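The following exercises concern the sequence and structure shown below. Attempt each task before reading its solution.

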Amino acid sequence: MIGYVLLGLIALSALSYVLGRRRAIAAVQGREPELHSRPTYHGAFVAAWVGIPSILLVLVWLVFQGTVIDTLLLWSLPPGTTDGLDEGQVDLLLSEIRSVAAGNVFGEPSLVVQAAAERYQAWQTIARYAMVATAFSVALLGLLFASRRINPQFRARHGAERILTGLMIACSLIAILTTLGIVLSLLFEALRFFDRVSPLEFFFGLNWEPQIPIREGQVTGGGSFGAIPVFAGTLLISLIAMLVAIPIGLFAAIYLTEYAHAKVRATIKPVLELLAGIPTVVYGFFAVLTVAPALREFGETIGVPIAPNSALAAGAVMGVMIIPFISSLSDDAIAAVPRAMRDGSYAMGATRGETITKVLLPAALPGIMGGILLAVSRAIGETMIVVMAAGIIASLTANPLEPVTTVTVQIVTLLIGDVEFDNPKTLAAFALGLVLFVVTLALNVLALHIVRKYREQYE
Amino acid sequence: MSDAQTINRQPRAANWASDAARRRVRRRYAADRRLQAYGIIAIALAVGLLGILVTSLVSTGFPAFVQTKVDLAIYVDPSKVDPKDPANGNFRALVREALAPFVPEGATDKQKIDVTKILTSDAPYIVRDYVVDHPDTVGKTVTLPIAVSDPYDQLQKGVIPKEVDALSWSQVRYFERLQTRGVVAEEGGRTSLKLEVYVDPARIAAGPPPSGDFAAVARDSLQAYLPDVHDTALFAMLADDAPDALANRVAEDPSLIGKTAQVIFPVAKPFAQLANGESPKVLNPRFTSTQIEAFDTMVAKGVVHMPFNWELFFNADSRFPERAGLAGAVTGSFYALLVCFLLSFPIGIAAAIYLEEFAPKNRLTDLIEVNINNLAAVPSVVFGLLGLAVFLGYFGLPRSAPLVGGMVLSLMTLPTIIIATRAALKAVPPSIREAALGIGASKHQVILHHVLPLAMPGILTGTIIGMAQALGETAPLLLIGMNAFIPSVESMGILEPATSLPTQIYSWADSPERGFVSRTSAAILVLLGFLVVMNIVAITLRQMFERKW
Amino acid sequence: MVERDDVMEANVARPIIRVQAPAAAQLSEEVLPSHELKMTARDVNLWYGEKQALFDVSLDIFDSSVTALIGPSGCGKSTFLRCLDRMNDVIEGVRMTGDITLDGENIYAPQVDPVQLRARVGMVFQKPNPFPKSIFENVAYGPRIHGLARSKADLEEIVVKSLTRAGLFEEVKDRLQESGTGLSGGQQQRLCIARAISVNPEVLLMDEPCSALDPIATARIETLMDELRKSLCIVIVTHSMQQAARVSQRTAFFHLGKLVEVGDTTKMFTNPTDVRTQDYVTGRFG
């Protein structure tokens, strides 16, 4: 239905393009050079006035229609129906009405619900027709307005170009809107969470058991939303990942920039970058399928019990994923050290190794540090590997052979399945998300700052 | 001047030929080689790990590209299937009858039902679908290839064995400990345990005949030999008739009651085999002997074969691994990517053109730039939270729908496309712009007519790479519920619940059936195949249109 | 074009130089012919990949003197200089034939270690390239890697001595721990010279050491070179014929990868044999 409306509006817009063009040519009796702007621009101008406002209207309408009808529906219910119901129960009632309206009747819905469902259906139909009517009237108004402006002197090109620029500005604002959307939604839901659970509890509590159903009044006192074990687990796994990725990535970068022949470099670099192109869900499965059993078996032969979802397995595989980040960023940083530094060192009689460790690495250190910070932020935010290979139970341990959980694992496990926005369990995921966002953002800003400073040093 | 001269009168350089100098140089070169070796080791590790990853995926995923099937001759009995209403026939009975030739003689009803479990549980529906499509087959015999159930598929592929070790590792250890203590002996042609038994008068009455819990006494006396073992698996060592040995002994000599005597207990068959140096085997508990017999008959009659598994591509998901396919996941991913492309491609290009060509240098554009760079590094799960809170929670868009998935993915792809587009625009030399401006084109015309077409290959390359990233994204799709169970492709649409390739991989990886391990690897291979194709297209595009200005 | 600019610059700067620099030409008269042979090059050919950059270059370099290599851009003089301490080894795709000796020993012989060679043959580059470390660490770098200092005091002594020899010590003695990149261009170049002489090289190669410096800094370096040549052999590549005339005792003229002419500096600038040399030193091409 909506698809057809949009298609119809686009078709109308295309039609108006032709109309506008014809009208412009007709205005000068076919002597096109007399027009200020080429007929195409007149057409485009009219088409924009027909298409853009009406399509925008439809989109805005769609966004608000649901909320408006829900509100109206609640008002129209017999007084007292919603008394004593909390937010979730009201939502439940609304979705019952909706499903009854859609014809999915389970059991015997109450008369109130049946009546509401009929109203709901009727209003939906009305809203739909109203939307179509309004949209097409707006489109026709646009057509009327724009086509009346067509005359030989009309600067249609300027008009069309202004509209185009406006569209482009709108598109670039989406980046800001996205960030704003992230910040606001995380903040909003997190604040609702902190209404129910004290921030002190969340940031300093040692006990994380969000799956336990929480009754009214026990929320703040229960002590089950202490996120320290979750943060600690995240740090442990990230640490393991970095312990794997930093030496491998850094030594690989050193070898590739300073020792390897051009041919070797040209083959190995893309192979390393392949590691970055593999989806993380694949790494997660790899951890479960190969790495964890191998570690377990190895542990058995040396008599050390290793949990199947140990932090070590998840961290190590995450480290493999991060190798290309470290190696390519270190590679860039080392390559950015000016040739003169190398020459200076070689001319002093330094070996390659001495040149690298004593001159190049210290000089490239800021760049490498920036790269490592970016990689840490990557590790903290990485989700699928840990969801598949790490634990779900939050335990506060520094032993890499035991399972730990991470922020991202908790976000995913809390939100898979039924989501209810008034339940601290769901909201906790947003509080964790906020922490994750802030930490990764801070790391990124810091890293980019360091890297930029470093680049300036040699420019 | 004189100062300088004193300084200049210093001895010539150190003696480079001295032993100390030579040793030092050797040491320095060794350090150099060490560093080089670390580099080679690091690269070997990274490449090796990639190799292990690919190998383990290929080796586990490869078997899923074929599927064990049985060519079943089915008589479509008109008494069970009404030709006017074939959909409601008793197809379960048809399948059971078609299997009759393979059922061993004298099988009980339960065993007959066991035999039907060789086939996938979907078998009646496969037959039904066929008969509904071909109503004229009622009354005739049709031969249909029907997938076998997961354990038999794995058996036929050699992934799981028909027989497993009868004894656990610890049971073998216990037995060996008893052997070293000399308790195990051959007595009367049977392997037996010679155990000291305290015939407790409180537990055994003299009779005659003697009575009491002989089995418990036998167990306790065995336990006394291995006091540190707390494992009931130990008692499996005693044969079923072991208590009788004790009973007989007491019957022979009732005076033993209240004394300690040596009793010879026969050991159970697997342990006897172990004592003879064999490794005892039992049937894999996932099979029954009737099933195996029937399956062996099928193999012998040549009706079992292993064709290419087209269902992997053309079936949607299923609870049964032998029937599960990727069609639903691929369709869902396609819809989501389509939405993602339709949104992010035009928006990304428009934003990039504005920022690169028109934007004045001010606070706002700075803010936009910072935002784009930071968005590229926001963890994907956060985009999932955004989608959940805004698209689902606030806008009330349908959960699990590819539309929402595509919208979330497009927000993640936008920075990639914008950055790639800006780079491509920057690479177009100013001479082109100047030439066009010089003949009186407006700035918009210059960009739309000249710069953009020249930058298009670069933009497309960046877009394809962005799409490839989007195709592999899992976490945001999980959060908006795009991991629905989709048993049929027909119901899918842009607003209907869907799944996607990566979320399907996640769901399958979580499934306990052995068959899903292989399917998961196969699905990953399919996903990687798509990614490889997309990247090859991007690279080819870049090379084809690479221009040296 | 570039050459002419250099000449012009040098012309403008000349009055200052006259005041500060010792009369180089006269000095060279005093010390010239008595010195022993330090390095020789015989039939040196060099290729960058497919492109040949040096053709049969043969040149003698004498101890305790300054040899200047002059010639238009791209004539191979810097390339030849880099052959003298095997700095071309670190560039991929370079191939060389011919012999170069140091004290009679072929430096391209397989048993010769380029790392040790470069300790004996130091090099100073066109653009000052101090490491992004402290002044002290810059100078200490060479002694450290070659193990020339037995103790910390030893190392400090070497650093102070080298900085003094390079005429920089007085200016930086209070800030030895500050970064070497914070110095002015001329100071940076003297720091690089101090770094190069910290390992007591026998030969010092200088690749246009003053081209990035202002005239005053140039004059200080030229004075320094004249001091240094008393204890070591210096080979300098320069764009400026005035500089060659001021600081060197012998001059070699390169053109298109060939050594056209070599001889006493005075003779080269007053009475060259080859017409190309004459054209170049009189500014007719370059």
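Two strands pair if DSSP finds at least two bridges between them. Helices (H or I, at least four residues) and strands (E, at least two) are DSSP runs, numbered from the N terminus.

The model is predicted: local features need pLDDT of at least 70, side-chain atom pairs count only at pLDDT 80 or more, and totals for chains, interfaces and linings use all residues. Residues are numbered from 1 along each chain as its sequence is written, and chains are lettered from A and ligands numbered from 1 in the order in which they are written.

**Exercise 1.** Determine how many bridges join strand 1 of chain B to strand 2 of chain B, and place both strands in their sheet.

Solution.
- Step 1: Strand 1 (residues 69–75) of chain B runs antiparallel to strand 2 of chain B, and 7 bridges join them.
- Step 2: One bridge partner can be named: B:Val70 is matched with B:Ile146 in strand 2 of chain B.
- Step 3: The open sheet has 3 strands in the order 2-1-10 (chain B), with antiparallel pairing. Strand 2 (141–147) and strand 10 (304–305) of chain B are its edge strands, each pairing on one side only.
- Step 4: Helix 5 (residues 123–133) of chain B lies across strand 1 and strand 2 of chain B, at about 135° to strand 2 of chain B. Axes are lines fitted to C-alpha atoms, for helices over the stretch in contact, and angles run from 0 to 180 degrees between N-to-C directions.

**Exercise 2.** Describe the sheet with the order 4-5-8 in chain B.

Solution.
- Step 1: This open sheet consists of 3 strands with antiparallel pairing. Its edge strands are strand 4 (184–187) and strand 8 (260–266) of chain B.
- Step 2: From one strand to the next, the twist averages 45°.
- Step 3: Strand 5 (residues 190–198) of chain B pairs with strand 8 of chain B over 7 bridges, and B:Lys194 stands opposite B:Ile264 in strand 8 of chain B.
- Step 4: Helix 8 (residues 214–225) of chain B packs on the sheet and touches strand 5 and strand 8 of chain B, its direction making about 90° with that of strand 5 of chain B. Two residues are in contact if their C-beta atoms, placed from the backbone, lie within 7 Å.

**Exercise 3.** At what angle do helix 11 and helix 13 of chain A pack, and how far apart are their axes?

Solution.
- Step 1: Helix 11 (residues 311–336) and helix 13 (residues 352–381) of chain A pack at about 150°, with their axes 8 Å apart.
- Step 2: Helix 11 and helix 13 of chain A are therefore roughly antiparallel to each other (angles under 35 degrees count as roughly parallel, over 145 as roughly antiparallel, 65 to 115 as roughly perpendicular and the rest as oblique).
- Step 3: The residues of this contact comprise 15 nonpolar, 3 polar and 2 charged. Ala, Val, Leu, Ile, Met, Phe, Trp, Tyr, Cys and Pro count as nonpolar, Asp, Glu, Lys and Arg as charged, and the others, Gly among them, as polar.

**Exercise 4.** State how many residues of chain B are in contact with chain A, and which helix of chain B gives the largest share.

Solution.
- Step 1: In chain B, 67 residues are in contact with 71 residues of chain A.
- Step 2: Helix 2 (residues 19–61) of chain B supplies the largest share of the side of chain B that touches chain A, namely 20 residues.
- Step 3: That side of chain B divides into 49 nonpolar, 16 polar and 2 charged residues.
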